[in-house]
Amino acid sequence: MAVPRVPLAIVGAGAAGLMAAITAGREGTPAVVLDGAKVLGAKILVSGGGRCNVTHDVVTEHDYAGSSAPAVRRVLRRFKVARTIEFFADLGVTLKREETGKLFPTTDSSRTVLEALLRGVRAAGAEVRHPWRIEAVALLDDGAFRLSGPAGQIEASRVVLAMGGRSLPRSGSDGAGLEIARGLGHHVTPRVVPALVGLTVAPECFVRELSGIAVEARLEVRGGTGRRLARMEGSLLCTHFGLSGPVAMDISRHWQLAVAEDPAAALVVSWLPEHTGESLDAVLRDLGAASVQAFLARSLPSRLARALCDVAGVAPSAIGHTLRREARRALVRTLLELSVPVTGTRGWNHAEATAGGIPLAEVHLDTLESRVAPGLYLCGEILDVDGRIGGFNFQWAWASGYVAGLAAARRDRPPEAPR
Ligand SMILES: Cc1cc2nc3c(=O)[nH]c(=O)nc-3n(C[C@H](O)[C@H](O)[C@H](O)COP(=O)(O)OP(=O)(O)OC[C@H]3O[C@@H](n4cnc5c(N)ncnc54)[C@H](O)[C@@H]3O)c2cc1C
């Protein structure tokens, strides 16, 4: 029996794939969207704590890691935040900006976002088939593709791979897309690691006893030689497994990639980021009759302050003018440069994104068409681009889905007759 052929197949009905389908459909090329998941949009539904942080009010290439910043910029600028707001307004979803700059639907429900996208797909004439898992994509002699999986086979003149990375595999994104792209001639970055994920620490580390305590802190990843490889400031949360909160999650990709290269790399915490070594030493010297604990209580929760004094070997009740130089030094080191024994991350099941993937160098940036397999397009998390927490990963999915969907729809279209 002949395998049915469609002009455009999109594999993956996540944020990027749905955006590509809506864009292509509006351009006059309705796509068949295939997704392996029984329940569509699982990742959109759980995102932002069930509220879906759709984007951020300021997005630049510097909010991302992975491929080069200029390459990321080329894609982002094609579909800016204002377009995202307009796009969702068109679909009936009003976004509100919170103090942090994050944008959420006014309903505070990610279901609003998913349902609007699915409505948009239908209105654009596209069709979503699921569960329709794709296990292989083969390039045919005539330049089309044959997609195969347990649900059957389908051929398509153009294919958009929007299969995501490896984060939250139970949502349907288990890295199969990376293998399929590899099979079509692409390279995957040498390392693919969970991003935006909590960091586990050694069982004896004091932070595990402080579960629930959150502070503003600065984290640095340093190489074995002490060279600073990454530095970030923000809210840090101590948990029963180690460190979480936005700043720990943001730095998790950097820590893993550093340790993979240099096992002596370390995570260094400053619990008083407003201080330098000199300013803190000066404050400690001038404490007079005040205790260390009383000083620390101004900036840190008392349980954390006591634990840090313990690490420094200084009694919390020690009075300022009795502190010897060595004790002040130990306090400054502990408070500003504490190397925390990170053992790993909570892994893919807890990761919000994927660091690594198909490098942007392997696609044409104006179209996101593959440089190795013409007619194949890539968008979303399958590409080697990961954003920090705050709506940046969705903005990447919207922008890259738009670029891929538009280009896939326009490919092979006869040039318009001059008017
Ligand atoms: C818990 C959590 C919370 C998050 N919160 C936010 C947030 O608030 N804001 C933000 O910006 N980002 C957030 N993110 C990140 C964001 O969800 C992702 O970056 C984004 O969804 C990626 O979109 P994508 O379409 O590229 O990939 P995915 O959403 O992973 O979609 C890929 C799709 O491909 C399908 N698929 C995979 N393999 C196959 C196959 N073999 N055959 C057929 N179909 C297949 C999958 O079923 C899936 O539907 C969060 C992520 C998680 C895990």
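Q: How do the residues of the lining of the second largest pocket divide into nonpolar, polar and charged?
A: Let's start with this pocket, keeping in mind that the model is predicted. The second largest pocket holds about 280 Å³ of space. Of the 21 residues that line it, Asp-63, Met-232, Asp-250, His-254 and Arg-388 are the closest to its centre. By class, the lining divides into 9 nonpolar, 5 polar and 7 charged residues.

Q: Which element gives the largest share of the lining of the second largest pocket?
A: Four elements give two or more residues each to this lining: strand S4 (64-66), strand S14 (228-238), helix H7 (246-261) and strand S21 (385-387). The largest share is 7 residues, and the element that provides them is S14.

Q: What is the bridge partner of Leu-219 in S14?
A: Strand S13 (residues 214-222) and S14 run antiparallel and are joined by 9 bridges. The two strands form a hairpin with 5 residues between them, and Gly-226 in the turn has a positive phi of about 95°. Across this pairing, the partner of Leu-219 is Met-232.

Q: Which residue stands opposite Leu-243 in S15?
A: S14 also pairs with strand S15 (residues 242-244), again antiparallel, through 2 bridges. A hairpin of 3 residues links S14 to S15. Standing opposite Leu-243 is Cys-238.

Q: Why do the buried residues of H8 line one face of the helix?
A: In helix H8 (residues 277-285), the buried residues are Leu-280, Asp-281 and Leu-284. Looking down the helix axis, you would see them line one face, because they fall within an arc of 100°.

Q: Which helices do the buried residues of H8 pack against?
A: Buried here means under 20% relative accessible area, and Leu-280, Asp-281 and Leu-284 of H8 meet that description. Their packing partners are helix H9 (292-297) and helix H11 (325-336).

Q: What is the omega of the cis peptide bond that joins His-130 and Pro-131?
A: Most peptide bonds are trans, so a cis one is worth a look. Pro-131 sits in the loop between strand S7 (127-129) and strand S8 (136-139). The bond from His-130 to Pro-131 is cis, with an omega of about -10°.

Q: What is the relative accessible area of Cys-52?
A: Cys-52 lies in the loop between helix H2 (42-50) and strand S3 (55-56). Its phi is near 60°, a positive value in a residue other than glycine. Cys-52 is buried, with a relative accessible area of 0%.

Q: Is Leu-368 buried or exposed?
A: Leu-368 is found in the loop between strand S19 (353-355) and strand S20 (376-378), and its phi is near 60°. With a relative accessibility of 0%, Leu-368 counts as buried.

Notes:
Residues are numbered from 1 along each chain as its sequence is written. This is a predicted model: local features need pLDDT of at least 70, side-chain atom pairs count only at pLDDT 80 or more; totals for chains, interfaces and linings use all residues. Side-chain values use heavy atoms; hydrogens and water are left out. On a 1 Å grid over the protein atoms alone, a cavity is a set of points where a 1.4 Å probe fits but cannot get out, and a pocket is an open set with protein on both sides within 12 Å along at least five of seven lines; lining residues have an atom within 4 Å of a point. Grid points are joined across faces, edges and corners, and a volume is the space filled by probe spheres set on the points. Ala, Val, Leu, Ile, Met, Phe, Trp, Tyr, Cys and Pro count as nonpolar, Asp, Glu, Lys and Arg as charged, and the others, Gly among them, as polar. Buried means under 20% relative accessible area, exposed over 50%, partly exposed in between (1.4 Å probe, protein chains only). The arc is that of the directions from the helix axis to the C-beta atoms. Contact means heavy atoms within 4.5 Å. Two strands pair if DSSP finds at least two bridges between them.
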